[in-house]
Amino acid sequence: MSSATYTPRHLLITGGAGFIGSNLVHYILEHAPGTHIVNLDALTYAGNLANLADAQKNPNYKFVHVDIRDADAMNRIMAEHEIDAVIHLAAESHVDRSITGPGVFVETNVSGTLNLLRAAREARAQRFLQVGTDEVYGSLGPTGMFTETTPLDPHSPYSASKAAADHLVSAWWHTYQFPTLITRCSNNYGPYQFPEKLLPLMINNARQSKPLPVYGDGLNVRDWLHVHDHCAALWTVLTRGRPGEVYNVGGNNEKTNLEVVRAVLGLMGKPESLITYVKDRPGHDRRYAIDATKMMTEFGWKPSVTFETGLRMTVDWYRDHQSWLEQIVSGEYQRYYEQMYGRR
Ligand code: NAD
Ligand code: TYD
């Protein structure tokens with residue numbers, strides 16, 4: 001069991017306007033009142049300040065509109081805000097987009113991470129947590145699970161760029177003894193997820209009785225974890241993790257895509273005839289499954305939200321936040337920045 005804890009005073013969260021980042025900002029503001037957060041985000045299509053409307057009023061929270069590809073800006077922000085810890089989430093995150101446009105994945109996920117590592121080391125940050133994905137391990141057959149020692153074998157441009165970033169982070173630990181941590185998490189679901197990802201896309205289509213596009217035979221397996229449990233895991237690793245270590249985070253909750261889609265339809269009272277099989281994703285990984293034993297034995301962390309409860313909460317959340325969805329579909333959300341901060 002790890003007992004020493006590190007509580008950051010000035011924490012930089014990158015990508016805090018995205019799905020997991022905005023949930024994490026809310027989580028830390030609630031659970032760590034002694035920590036000041038600087039949320040650094042470029043506000044790509046995936047960043048949405050409406051996710052953080054409540055946080056804006058909190059004196060422990062500040063937003064900076066910056067791109068991690070800008071190396072000078074990274075140095076400036078570390079110094080200006082006296083950053084002592086970083087949780088790095090900013091990334092291009094959607095596999096399908098990485099297939100049609102891989103370049104920006106390398107620029108943001110690899111070069112952007114390099115910029116941050118350099119700046120954080122220069123600023124003598126005490127912790128650097130790289131928020132990684134289980135997709136770097138590749139694809140499993142019907143049995144077996146990914147552990148922290150599973151060799152990296154990424155298959156998509158997205159996972160390849162995330163694996164490259166993880167390798168850089170690891171090199172900063174081994175070469176410079178810079179105190180890095182890496183988490184690798186399974187598929188998240190919950191509030192504020194951009195409706196290009198499976199669950200919000202299916203919920204959004206179902207509410208409009210539009211077809212639900214299932215790739216291939218629908219039997220690909222993902223391990224689903226509620227985003228609040230991921231946030232708790234990230235805070236645990238940042239404050240209690242051992243520098244240089246990798247921690248797998250997962251829900252122990254494997255479902256085929258068809259099981260997930262049918263459950264959504266059931267909860268929404270919509271017919272299964274909406275399911276439409278479409279062409280498979282190129283290089284579609286068959287199965288992911290995370291062994292999170294290390295998180296459980298070292299910290300006593302475990303998922304607290306069952307899939308049944310979490311899915312119901314999520315379907316209810318999107319039902320109660322239809323204007324959030326509609327603003328995204330119409331592109332209106334991208335004008336939110338202007339309303340908050342004036343013209344860019
Ligand atoms: P997301 O796409 O919802 O959010 C990404 C955020 O990063 C957005 O706010 C975007 O504006 C910002 N961003 C993108 N490029 C940037 C740049 N160049 N400079 C600054 N900001 C930039 O992604 P998410 O689902 O919240 O994932 C966050 C992180 O967690 C990613 O690193 C992802 O690889 C990792 N992850 C996600 C999952 C998942 O299931 N969603 C699972 C495991 C790990
Ligand atoms: P996604 O949410 O894109 O996450 P990831 O590919 O990173 O795991 O997709 C989850 C699963 O759902 C994946 O097997 C692809 C599948 N999928 C569909 O069948 N239809 C869709 O429209 C989408 C977006 C995904």
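**Two sheets, two ligands**

Okay, let's start in the middle of things: strand 1, residues 10-14, pairs with strand 4, residues 85-88, in the parallel sense, over 4 bridges. Helices and strands here are DSSP runs numbered from the N terminus, with at least four residues for a helix (H or I) and at least two for a strand (E). Two strands pair if DSSP finds at least two bridges between them. On that pairing, threonine 14 sits opposite histidine 88 of strand 4.

Quick housekeeping. This is a predicted model, so to speak from the record: local features need pLDDT of at least 70, side-chain atom pairs count only at pLDDT 80 or more, and totals for chains, interfaces and linings use all residues. Residues are numbered from 1 along each chain as its sequence is written, chains are lettered from A and ligands numbered from 1 in the order in which they are written, and side-chain values use heavy atoms, with hydrogens and water left out.

Now zoom out. What is the strand order of the sheet with 7 strands? Going across, you read 3-2-1-4-5-6-10; the sheet is open, and the pairing is parallel. At the edges you have strand 3 (61-65) and strand 10 (246-249), each pairing on one side only. Neighbouring strands are turned by 20° against each other on average, ignoring direction. Angles, by the way, run from 0 to 180 degrees between N-to-C directions, with axes fitted to C-alpha atoms, for helices over the stretch in contact.

Helix 7, residues 227-240, packs on this sheet, and touches strand 1, strand 4, strand 5 (127-133), strand 6 (180-185) and strand 10. Contact there means heavy atoms within 4.5 Å. The direction of helix 7 makes about 145° with that of strand 5.

Next, the other sheet. It's open, 3 strands, order 7-9-11, mixed pairing. Strand 7 and strand 11 (254-256) are the edges, and each has a single partner strand, so one side of each is left without a neighbour in the sheet. The twist averages 50° from one strand to the next. Strand 9, residues 221-226, runs antiparallel to strand 11 over 3 bridges, and aspartate 223 has glutamate 254 in strand 11 as its bridge partner.

On to the ligands. Ligand 1 is surrounded by 29 residues (a heavy atom within 4 Å counts as near). Closest are Ile20, Asp41, Ser93, Tyr158 and Lys162. For polar contacts, think pairs of N or O atoms within 3.5 Å. A polar side-chain atom of aspartate 41 is 2.5 Å from an oxygen of ligand 1. Backbone N or O atoms also reach ligand 1 oxygens: threonine 44 at 3.0 Å and asparagine 188 at 2.9 Å. Ligand 1 exposes 840 Å² when taken alone, and the protein buries 96% of that (Shrake-Rupley, 1.4 Å probe).

Which elements give two or more residues to that shell? Helix 1 (19-31), strand 5, helix 5 (157-176) and strand 7 (187-189). Strand 5 gives the most, with 3 residues. By class, the shell splits into 14 nonpolar, 11 polar and 4 charged; Tyr, Cys and Pro are among those counted as nonpolar, Asp, Glu, Lys and Arg are charged, and Gly goes with the polar ones.

Last one, ligand 2. Of its 18 surrounding residues, Glu135, Pro213, Arg222, Arg281 and His284 come nearest. The side chain of arginine 222 puts an N or O atom 2.8 Å from a ligand 2 oxygen. Leucine 198 has a backbone N or O atom 2.9 Å from an oxygen of ligand 2, and for tyrosine 215 a backbone N or O atom lies 2.9 Å from one. The protein covers 96% of the 510 Å² that ligand 2 has accessible on its own. Helix 6 (198-207) and strand 8 (212-215) are the elements giving two or more residues to this shell, which has 8 nonpolar, 5 polar and 5 charged residues.

Technical notes. Polar contact = N/O pair within 3.5 Å; in protein donor to acceptor, adjacent residues only side chain to side chain.
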